[in-house]
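Please examine the sequence and the structure shown here, and keep both in view while reading. The paragraphs that follow lead from single residues to the way the helices are arranged.

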Amino acid sequence: MNMLEVKGRWKELKGKLKQKFSNLTDDDLLYEEGKEDELIGRIQKKTGQSKEAIEKLIKEN
């Protein structure tokens, strides 16, 4: 996953993730440079999705 690309369009992606998984909060989706694995972990914990599934979802959107 190219996190530089993700960072550039994070607001859009964040909205799509919140639509797909309504239990995600802004705190869950807080993007901090260098802490991408923590972000993926928070999303995993709330959604029950695998790391690969989350990365694929982010790449596709």
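Gly 15 is partly exposed, because its relative accessible area is 30%, and a residue counts as partly exposed when this value lies between 20% and 50%. This glycine has its place in helix α2. The C-alpha atom of Gly 15 lies 9.6 Å from that of Asp 26, although eleven residues separate the two along the chain. These values, like those below, come from a predicted model.

The neighbouring topic is Lys 14, which also lies in helix α2. With a relative accessibility of 23%, Lys 14 counts as partly exposed. Which residues does Lys 14 touch, if those up to four places away in sequence are not counted? The answer is Asp 26 and Leu 29. Another pair of positions links Lys 14 with a distant part of the sequence: the C-alpha atoms of Lys 14 and Ile 58 are separated by 9.3 Å, while the residues stand 44 apart along the chain.

Asp 26 can now be considered in its own right. It belongs to the loop between α2 and α3, and its relative accessible area of 43% makes it partly exposed. Once neighbours within four places in sequence are left aside, Asp 26 is in contact with Lys 14 and Lys 18. Gly 48, by comparison, is 22 residues from Asp 26 in sequence, and their C-alpha atoms are 18 Å apart in space.

Is Lys 20 buried or exposed? This lysine, found in helix α2, is exposed, since its relative accessible area is 54% and the class of exposed residues begins over 50%. From the C-alpha atom of Lys 20 to that of Thr 47 the separation is 9.8 Å, and the two residues are 27 apart along the chain.

The interior comes next. The largest nonpolar core has 14 residues, and those touching the most other members are Trp 10, Leu 17, Leu 29, Ile 43 and Ile 58. Helices α2 (10-20), α3 and α4 (51-60) each contribute at least two residues to this core. Leu 17 illustrates such contacts: with neighbours within four places in sequence set aside, it is in contact with Trp 10, Leu 24, Leu 29, Ile 43 and Leu 57.

How do α3 and α4 pack? Their axes are 10 Å apart and form an angle of about 110 degrees. Helix α3 is therefore roughly perpendicular to α4, because angles from 65 to 115 degrees are given that description. On the α3 side, the residues that meet the other helix are Asp 37, Ile 40, Ile 43, Gln 44 and Thr 47; on the α4 side they are Lys 51, Ile 54, Glu 55 and Ile 58. Sorted by class, this contact comprises four nonpolar, two polar and three charged residues.

A final point concerns confidence. The mean pLDDT of the chain is 87, and 93% of the residues score at least 70. Confidence is highest in helix α3 (residues 36-47), at a mean of 93, and lowest in helix α1 (residues 3-8), at 71. Where pLDDT is low, the predicted coordinates should not be read in detail.

Notes: Residues numbered from 1 in each chain as written. Predicted model: local features only at pLDDT ≥ 70, side-chain atom pairs only at ≥ 80, totals over all residues. Heavy atoms only, no water. pLDDT = per-residue confidence, 0-100. Helix = DSSP H or I, 4+ residues; strand = E, 2+ residues; numbered from the N terminus. Core = buried A, V, L, I, M, F, W, Y, C linked by side-chain atoms within 4.5 Å. Buried < 20%, exposed > 50% of the residue type's maximum accessible area, 1.4 Å probe, protein only. Contact = heavy atoms within 4.5 Å. Axes fitted to C-alpha atoms, helices over the stretch in contact; angles between N-to-C directions. Parallel < 35°, antiparallel > 145°, perpendicular 65-115°, else oblique. Nonpolar A, V, L, I, M, F, W, Y, C, P; charged D, E, K, R; others polar.
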